Amino acid sequence: MSRRAVVAGVGMIPFTTPSRSQTYDVMGTRAARAALLDADVDYDRIQQAYAGYVYGDSTCGQAVIYGLGQTGIPVINVNNNCSTGSSALFLARQAVESGAAEAVLAVGFEQMQRGALARGYADRPSPFARFDEVMDEIQERDESPFAAQMFGGAGRQYAEKYGTAPETFAKISVKSRRHAAANPFAVFKDPVTVAEVLASPHIYGPLTRLQCCPPTCGAAAAVIVSEDFARANGIDASVVIRAQAMTTDFPSTFAEKDMTKIVGYDMSKAAAHQVYHASGVSPEDIRVVELHDCFTANELLTYEALGLTPEGTAEKFVNDGDNTYGGRVVTNPSGGLLSKGHPLGATGLAQCAELVWQLRGQAEGRQVADDLKLALQHNIGLGGAAVVTLYEKVS
């Protein structure tokens, strides 16, 4: 019989640009220590650790965890592209719910290089080979970064189908910066206008530079414990994971010649459906969401994939202000990947930290409401994996 997993503590360090970053081991250990302190749990009580990162040698997780101590516990390294942090959280939650462990640490970190994401190996088959083949049947390639071509192509295809204006995508960047201004952990806090976003260098499809997340370094962590462990140790058990789902690609990703499918729309939609079904919660019940806005196009697509607005209505959702404070659901109060930054391995756990703070009423100038009971998280990685998590405040 499964048990509920408590998010006992979260920790995060300010995200930064590669030129100003500490090394991954220092960042990861700092975030993990912050989560342990927040949970009021000593490291020697942790029974398992899951460490998420994308760019690094094998066993980087051990280098981070050994900064806390060497207790001999299992340390499992996780790499699932941009959904790596949530994949580590998924495994930590499973370990606690199944009874395999009472207290687990999930930590994500990334020490990125300057410039756009690049593929690592030219001497072996790429995990994106099938995606590339389908993309080449749909659209022309150019010299822009491959991820921008994928998400930009999806945004262009959506805009062609529904008549979405370029200004609509730009408004998402404006909203992102406005939210990030209240986040001490975010990289980009200066406001921008729609005109400035549209005037920045064109990248691909509807995307301009200010609609693409920057390479970022950082770390975040969470301590997940059982309710029994929390009760026995006087730990705050007010935030639990009510439901969580991970999905990977379906045949539709490759069969339908649709760029929105290539970038994971069906994965996200299926994971959200599983979470809503398991929890009995509907999208209308959600008032705050941290979702994967690596590009403005993906934020717009994800509104619909998560059921926050019906298919084909994302432009109205944006123009009506239903994606921000005073609207129906505040999306990315942290500033999201676009403004907070996107250190790949840390992103999912940074989203977790923001939503736990929101549910506790600790988000300060970003606080959506004082009476929040539910918070939804969406994290996606091409190749692919989508993780959707529903948090609940229970006391």
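Start by selecting strand 2, helix 2 (residues 60-65) and strand 3: together they make a right-handed β-α-β unit. Keep in mind as you click around that this is a predicted model.

**Stop 1: strand 2 and its neighbours**

Zoom in on strand 2, residues 48-52. It's mostly covered, with 5 of its 5 residues buried. Show the side chains and look at which way they go: Gln48, Tyr50 and Gly52 point one way, while Ala49 and Ala51 point the other way. That fits a general habit: in a regular strand the side chains alternate between the two faces of the sheet. Here both sets are buried.

Now add the partners. Strand 3 (residues 75-78) runs parallel to strand 2, and 4 bridges join them. Strand 4 (residues 103-110) also pairs with strand 2 in the parallel sense, over 5 bridges. Ala49 is a handy landmark: its bridge partner in strand 3 is Val75, and it stands opposite Leu105 in strand 4.

**Stop 2: the cysteines**

Go back to helix 2 and pick residue 60. How many disulfides does the structure hold? The count is 0. Cys60 can't bond because its sulfur is 13 Å from the closest cysteine sulfur, in Cys217, which is too far. Cys60 has 5% relative accessibility, so it counts as buried.

Next, select Cys213 and Cys294. Cys213 is in no disulfide either, and the nearest cysteine sulfur, that of Cys294, is 5.7 Å away. Cys213 counts as buried too, because its relative accessibility is 18% and the cut-off is under 20%.

**Stop 3: the second largest pocket**

Select Tyr158, Lys161, Tyr162, Asp258 and Thr260: of the 13 residues lining the second largest pocket, these lie nearest its centre. The elements that give two or more residues to this lining are helix 5 (146-162), helix 10 (259-262), helix 11 (265-279) and helix 12. Helix 5 gives the most, with 4 residues. The pocket holds about 230 Å³ of space. Colour the lining by residue type and what do you get in the way of nonpolar, polar and charged residues? The split is 4 nonpolar, 2 polar and 7 charged.

**Stop 4: helix 12**

Finish on helix 12, residues 296-305, one of the elements in that lining. Is this helix mostly covered or mostly open, and how many of its residues are buried? It's mostly covered: 10 of its 10 residues are buried. Among them are Asn298, Glu299 and Glu304, along with Leu300, Leu301 and Tyr303. Last click: Gly307, just after the helix, takes a positive phi of about 80°.

Technical notes. Residues are numbered from 1 along each chain as its sequence is written. This is a predicted model: local features need pLDDT of at least 70, side-chain atom pairs count only at pLDDT 80 or more; totals for chains, interfaces and linings use all residues. Side-chain values use heavy atoms; hydrogens and water are left out. Buried means under 20% relative accessible area, exposed over 50%, partly exposed in between (1.4 Å probe, protein chains only). On a 1 Å grid over the protein atoms alone, a cavity is a set of points where a 1.4 Å probe fits but cannot get out, and a pocket is an open set with protein on both sides within 12 Å along at least five of seven lines; lining residues have an atom within 4 Å of a point. Grid points are joined across faces, edges and corners, and a volume is the space filled by probe spheres set on the points. Ala, Val, Leu, Ile, Met, Phe, Trp, Tyr, Cys and Pro count as nonpolar, Asp, Glu, Lys and Arg as charged, and the others, Gly among them, as polar. A disulfide is a pair of cysteine sulfur atoms within 2.5 Å. Two strands pair if DSSP finds at least two bridges between them. A crossover is right-handed if, with the strands pointing away from the viewer, the path from the first strand over the helix to the second runs clockwise.
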